[in-house]
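Work through the exercises below with the sequence and the model open. Try each task before reading its solution.

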Amino acid sequence: MSPSKQPERRLIASNKKARHEYTVLRTYEAGIVLVGTEVKSLREGRASLVDAFAHERDGEIVLYGLHISEYAYGTWTNHAPRRNRKLLLHRAEIDRILDKVREGGVTLVPLSMYFENGFAKVELALAKGKRSYDKRQTLAERDANREIARELGRHLKGHPRQP
């Protein structure tokens, strides 16, 4: 019996600020429609999700603001760096996502972009914006957990507590 083969996943870009700014309710994996020079540029890791967001257009979900740098060795066939890109999802998923977004207070934010088995994918999140006090609370919890882990490590190693 052969062991199960895990899909190969290679990270291209991640949106670290998204988890700080939003509370993630649900995540989806979507394919993305790209042209040739975009794929080559992504393989070099030249993408930024900083200002990217997803929105509905004609019953489909489209990714806006994703920056994929021009391919260095491209010619007149090079792509526009900030063009809108269609996301590939099943119709039932699109309908579910759009129902949640239309309710209000929820937005679509890309969390990361990666290659899985040779295909470019985007991890898309249904997210709700955090208030400033929520952000401070999250930071305080993270610091407290980090301090607890530090103390536990010291205790397990037998080191005395530092003042």
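**Exercise 1. Strand pairing**

Which residue in E9 is the bridge partner of Gly 31?

Solution. A few conventions come before the steps. The model is predicted, so local features need pLDDT of at least 70 and side-chain atom pairs count only at pLDDT 80 or more, while totals for chains, interfaces and linings use all residues. Residues are numbered from 1 along each chain as its sequence is written, and side-chain values use heavy atoms, with hydrogens and water left out.

Step 1. Fix the elements: helices (H or I, at least four residues) and strands (E, at least two) are DSSP runs, numbered from the N terminus. Two strands pair if DSSP finds at least two bridges between them.

Step 2. E2 and E9 run antiparallel and are joined by nine bridges. The partner of Gly 31 in E9 is Lys 121.

Step 3. Look at E8. E8 and E9 also pair in the antiparallel sense, over nine bridges. Here Tyr 114 stands opposite Lys 121.

Step 4. Follow the chain from E8 into E9. The two strands form a hairpin with two residues between them. Asn 117 in the turn has a positive phi of about 55 degrees.

**Exercise 2. The nonpolar cores**

Find the residues that touch the most other members of the largest nonpolar core, and say which elements supply this core.

Solution. Step 1. Apply the criteria. A nonpolar core is a set of buried Ala, Val, Leu, Ile, Met, Phe, Trp, Tyr and Cys residues joined through side-chain atoms within 4.5 Å. Buried means under 20% relative accessible area, exposed over 50%, and partly exposed in between (1.4 Å probe, protein chains only).

Step 2. The largest core has 28 residues. Ile 32, Leu 42, Ile 61, Leu 66, Leu 87 and Met 113 touch the most other members.

Step 3. Two or more residues come from each of strands E1 (9–14), E2 (22–32), E5 (60–64), E8 (107–116) and E9 (119–129), and from helix H3 (91–103). E9 gives the most, with four residues.

Step 4. Take Met 113. Leaving aside residues up to four places away in sequence, its contacts (heavy atoms within 4.5 Å) include Leu 11, Ile 32, Leu 42, Leu 66 and Val 122. Lys 121 is also among them.

Step 5. Check for another core. A second, separate one has five residues, including Val 109, Leu 111, Ala 125 and Ala 127.

**Exercise 3. Salt bridges**

Which side chains does Glu 38 meet in salt bridges?

Solution. Step 1. Set the criterion: a side-chain nitrogen of Lys or Arg within 4 Å of a carboxyl oxygen of Asp or Glu. The structure holds ten salt bridges.

Step 2. Glu 38 meets Arg 83 at 2.9 Å, N to O. Glu 38 lies in helix H2 (residues 36–43), and Arg 83 in the loop between strands E6 (67–68) and E7 (85–88), 45 residues apart.

Step 3. Glu 38 also pairs with Arg 85, with the closest N and O atoms 2.7 Å apart. Arg 85 is in E7, 47 residues from Glu 38.

Step 4. Assign burial. Glu 38 is buried at 0% relative accessible area. Arg 85 is buried at 1%. Arg 83 is partly exposed at 25%.

Step 5. Turn to H3. Arg 91 and Asp 95 form a salt bridge at 3.5 Å. Both lie in that helix, four residues apart, about one turn.
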